[in-house]
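User: I'm new to reading protein structures, and I'd like to learn how to pick out features one at a time. Could you walk me through one?

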Amino acid sequence: MADHHFTENQIPQQINYNSVPFPSVLSPNPTTTVPCSASLLFETIKTKKPFLDSLLHKTGAVLFRGFDIKTAEDFNDVVEAFGYEDLPYVGGTAPRTNVFGRVYTTNESPPDQNIGFHHEMALSPESPSKVLFFCEVAPASGGETPIVLSHLVYERMRQKYPEFVEKLEKHGLIYSRLLREDDDISSPIGRGWKSTFSTEDKAVAEERAAKLGIRLEWMEGGRVKRITGPIPAIRHDKSRQRKIWFTSMLGWEHAGNDPVNTITFGDGTPLIADICHDCLKFLEEECVAIPWQVGDVLLIDNFAVLHSRRPSKPPRRILASLCKST
């Protein structure tokens, strides 16, 4: 596709699934004599919104590369241009900070830590339908945000471990995580209970947790065990008529939260470690990891794509915004 302002591009890291590139990459049209300023991109997004929605539905992820997006304020304008409704970050497990408007930091844990594949806020009653990322400062090496089509993971797991997947579909999963009183930025899931529930009052925290389907068990030292579920691990993507691997059971071996010990089937029986680790291998085999460039904006469909984070050395600054469908 090409128009007056941008064109569909190709980069080495893309893969093709049924002849559809993943992710789709849009860049400024090299034939235009009009510079692609930030304000021009905002207007183009607004006028091309039906096309962009269709492209996202087809591919699952769209990378905007080579546009004049420099700041959190610019990125916020991009988010607003799409017209998606804002989804507040309530009940999430990652430590993050509001930067400007609808823009937040991504996970603030040390950049040398890996973050496992997940659908954003998969444990919450309402997950964002869209997630936008923006690269303000690109790492010198590493620090990619790998993405993978969730239905491919489901299909590979079902093919190799049909009984395991059948049990997941029948019972779902129960997640138990330990929360400290305050944020622990050394852990990717280190958000403390005070910031998780926006209160310092335990009674208020319990009330807000209950509305999110979360049970709290208070422990010594100000910690609390957060118990969520059973919740579905396999979901049906109605718009594409396929099943997706909607679980965060891998890659979170931090702060005493080893998934083999803290995540169980919905009937209380333990997960099978070897199968979980095999799933992690499938995720790595199917994923696409594109090195960040300054100004990149990545739009993903959170009901089609899992994402993660690879380790890097500072500096690295990736910002994000969570959206509902309108």
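Analyst: Here is a short tour, from the overall make-up to rings, strands and charged pairs. Keep in mind that this is a predicted model.

User: Okay, let's start wide. How many helices and strands does the protein chain have?

Analyst: Start by counting the regular pieces. Here you get 9 helices and 20 strands. Then look at how much is tucked away: of the 326 residues in the protein chain, 56% count as buried. You can also look at contacts between residues at least 6 apart in sequence: 78% of them join residues at least 24 apart.

User: Now the rings. How many aromatic pairs does the structure hold?

Analyst: For rings, you look at two things: the distance between centres and the angle between planes. This structure has 7 aromatic pairs. Take Phe 64 and Phe 82: their ring centres are 6.0 Å apart and their planes sit at 70 degrees, so we call the pair edge-to-face. The cut-off for that label is over 60 degrees.

User: Where in the chain do Phe 64 and Phe 82 sit?

Analyst: Phe 64 belongs to strand β5 (residues 61–64) and Phe 82 to helix α3 (residues 72–82), so you'd call this a link between distant parts of the chain, 18 residues apart.

User: Are those two buried or exposed?

Analyst: Check the relative accessible area; buried means under 20%. Phe 64 comes out at 3%, so it is buried. Phe 82 is buried as well, at 2%.

User: What does a stacked pair look like here, and which rings make it?

Analyst: Try Phe 75 and Phe 134. Their centres are 5.3 Å apart and the planes are at 20 degrees, so this pair counts as stacked. It links distant parts of the chain, with Phe 75 in helix α3 and Phe 134 in strand β10 (residues 130–137), 59 residues apart. Phe 75 is buried at 0% relative accessibility, and Phe 134 is buried at 0% too.

User: Which rings form a cluster?

Analyst: Look for rings that group together. Phe 64, Phe 67, Phe 82 and Tyr 84 make one aromatic cluster. Tyr 84 has something else to show you: the charged end of Lys 130 sits over its ring, 5.1 Å from the centre. You'll find another such case at Trp 218, where the charged end of Lys 202 sits over the ring, 4.9 Å from its centre.

User: On to strands. What is the order of the strands in the open sheet of 3 strands?

Analyst: Reading a sheet means asking which strand lies beside which, and in what direction. The order is β9-β19-β11, and the pairing is antiparallel. β9 (115–118) and β11 (147–149) are the edge strands, each pairing on one side only. On average, neighbouring strands in this sheet are turned by 15 degrees against each other, direction ignored.

User: How many bridges hold β11 and β19 in their antiparallel pairing?

Analyst: There are 3 bridges between β11 and strand β19 (residues 305–309). If you want a residue to click on, Val 148 has Leu 306 in β19 as its bridge partner. Then look for helix α4 (residues 150–160), which lies across β11 and β19 and runs at about 60 degrees to β11.

User: Last topic: how many salt bridges does a search of the whole structure find?

Analyst: Here you're hunting for oppositely charged side chains that meet. The search finds 19 salt bridges. One of them joins Glu 85 and Lys 324, at 3.5 Å from N to O. This pair links distant parts of the chain, as Glu 85 is in strand β6 (residues 85–86) and Lys 324 in strand β20 (residues 317–324), 239 residues apart. Glu 85 is partly exposed at 41%, and Lys 324 is partly exposed at 22%.

User: And are Asp 301 and Arg 240 buried or exposed?

Analyst: Both are buried. Asp 301 and Arg 240 form a salt bridge whose closest N and O atoms are 2.7 Å apart. Asp 301 is in strand β18 (residues 297–301), while Arg 240 is in the loop between β15 (234–237) and β16 (242–245), 61 residues apart. Salt bridges can also share partners: Glu 80, Asp 86 and Arg 102 are joined into one network that way.

Terms used. Residues are numbered from 1 along each chain as its sequence is written. This is a predicted model: local features need pLDDT of at least 70, side-chain atom pairs count only at pLDDT 80 or more; totals for chains, interfaces and linings use all residues. Side-chain values use heavy atoms; hydrogens and water are left out. Rings of Phe, Tyr and Trp (its six-membered ring) pair if their centres lie within 6.5 Å; planes under 30 degrees apart count as stacked, over 60 as edge-to-face and the rest as tilted. Helices (H or I, at least four residues) and strands (E, at least two) are DSSP runs, numbered from the N terminus. Buried means under 20% relative accessible area, exposed over 50%, partly exposed in between (1.4 Å probe, protein chains only). A charge sits over a ring if NZ of Lys or CZ of Arg is within 6 Å of the ring centre and within 35 degrees of the ring normal. Two strands pair if DSSP finds at least two bridges between them. Axes are lines fitted to C-alpha atoms, for helices over the stretch in contact, and angles run from 0 to 180 degrees between N-to-C directions. Contact means heavy atoms within 4.5 Å. A salt bridge is a side-chain nitrogen of Lys or Arg within 4 Å of a carboxyl oxygen of Asp or Glu.
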